[in-house]
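Thanks, everyone. I'll take you through one chain this morning. Have a look at the sequence and the structure first.

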Amino acid sequence: MVCEKCEKKLAKVIVPDKWKEGASNTHESGGRKINENKLLSKKNRWTPMGNTKCMICKQQVHQDGKYCHTCAYSKGVCAMCGKQVLDTKFYKQSNV
């Protein structure tokens, strides 16, 4: 659950560009090297879960944010900025 302001900050899909012309991840444009050893180029390695953790339950957050989706929904706050989005006062929620 994210607010309208943070919807623009959501990450893009991790698939290669459809067209080769102007694509940033093909070897013709210099973005990707052929026969490159990934262990030696570890500094540019992609981490799917990132390093951010939820402030409440300490789980890893899959996008840059403060809360995981479960905690954000139970508190009624935006997962990225922590702004109050909806009122969960009369919701019947459990901590399971």
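Disulfides first. How many are there in this predicted model? The count comes to 0. Take cysteine 54. The closest cysteine sulfur to its own belongs to cysteine 57, at 3.7 Å. The cut-off for a disulfide is 2.5 Å between sulfur atoms, so that pair is too far for a bond. Cysteine 78 is in no disulfide either. The nearest cysteine sulfur there is that of cysteine 81, 3.6 Å away.

Buried or exposed, these two cysteines? Cysteine 54 is buried, with a relative accessible area of 1%. Cysteine 78 is buried too, at 0%.

Cysteine 54 also turns up in the largest nonpolar core. That core has 8 residues. Cysteines 54, 68 and 71 are in it, along with Val61, Tyr67, Ala72, Val77 and Ala79. As background, nonpolar side chains in soluble globular proteins tend to be buried together. Look at cysteine 71 in particular. Beyond its neighbours within four places in sequence, cysteine 71 contacts Cys54, Ile56 and Cys57.

Now the chain as a whole. The secondary structure is brief: 1 helix and 0 strands. There are 96 residues, and 20% of them are buried. The accessible surface is about 8600 Å². Carbon and sulfur atoms account for 54% of that surface. On contact order, take the contacts with a separation of 6 or more. Of these, 24% join residues 24 or more positions apart.

Next, the helix and what follows. Helix H1 covers 69–75, and threonine 88 sits in the segment after it. Threonine 88 is buried, at 17% relative accessible area. What does threonine 88 touch, leaving aside neighbours within four places? Tyr73, Ser74, Lys75, Gly76 and Gln93.

Tyr73 brings us to the aromatics. The count is 1 aromatic pair. Tyrosine 73 and tyrosine 91 form it. Their centres are 6.3 Å apart, with 35° between the planes, and the pair is classed as tilted. Why does this pair tie together separate parts of the chain? Because tyrosine 73 lies in helix H1 and tyrosine 91 in the segment after H1, 18 residues apart in sequence. Neither ring belongs to a buried residue: tyrosine 73 is partly exposed at 41%, and tyrosine 91 is partly exposed at 39%.

Now go to the segment before H1. Two residues there. One is lysine 58. Its phi is near 65°, a positive value in a residue other than glycine. Lysine 58 is exposed, with a relative accessible area of 54%.

The other is aspartate 64. Aspartate 64 counts as exposed, at 61% relative accessibility. Which residues does aspartate 64 touch, not counting those up to four places away? Thr52 and Met80. There is a backbone distance to note as well. The C-alpha atoms of aspartate 64 and alanine 79 are 8.9 Å apart, and these residues are separated by 15 along the chain. Alanine 79 is also a member of the 8-residue core.

To recap: 0 disulfides, 1 helix, 1 aromatic pair, and a largest nonpolar core of 8 residues. That's my part done.

Methods
Residues are numbered from 1 along each chain as its sequence is written. This is a predicted model: local features need pLDDT of at least 70, side-chain atom pairs count only at pLDDT 80 or more; totals for chains, interfaces and linings use all residues. Side-chain values use heavy atoms; hydrogens and water are left out. Helices (H or I, at least four residues) and strands (E, at least two) are DSSP runs, numbered from the N terminus. Buried means under 20% relative accessible area, exposed over 50%, partly exposed in between (1.4 Å probe, protein chains only). Contact means heavy atoms within 4.5 Å. Accessible areas come from the Shrake-Rupley method with a 1.4 Å probe; for residues, only the protein chains shown count as cover. A nonpolar core is a set of buried Ala, Val, Leu, Ile, Met, Phe, Trp, Tyr and Cys residues joined through side-chain atoms within 4.5 Å. Rings of Phe, Tyr and Trp (its six-membered ring) pair if their centres lie within 6.5 Å; planes under 30 degrees apart count as stacked, over 60 as edge-to-face and the rest as tilted.
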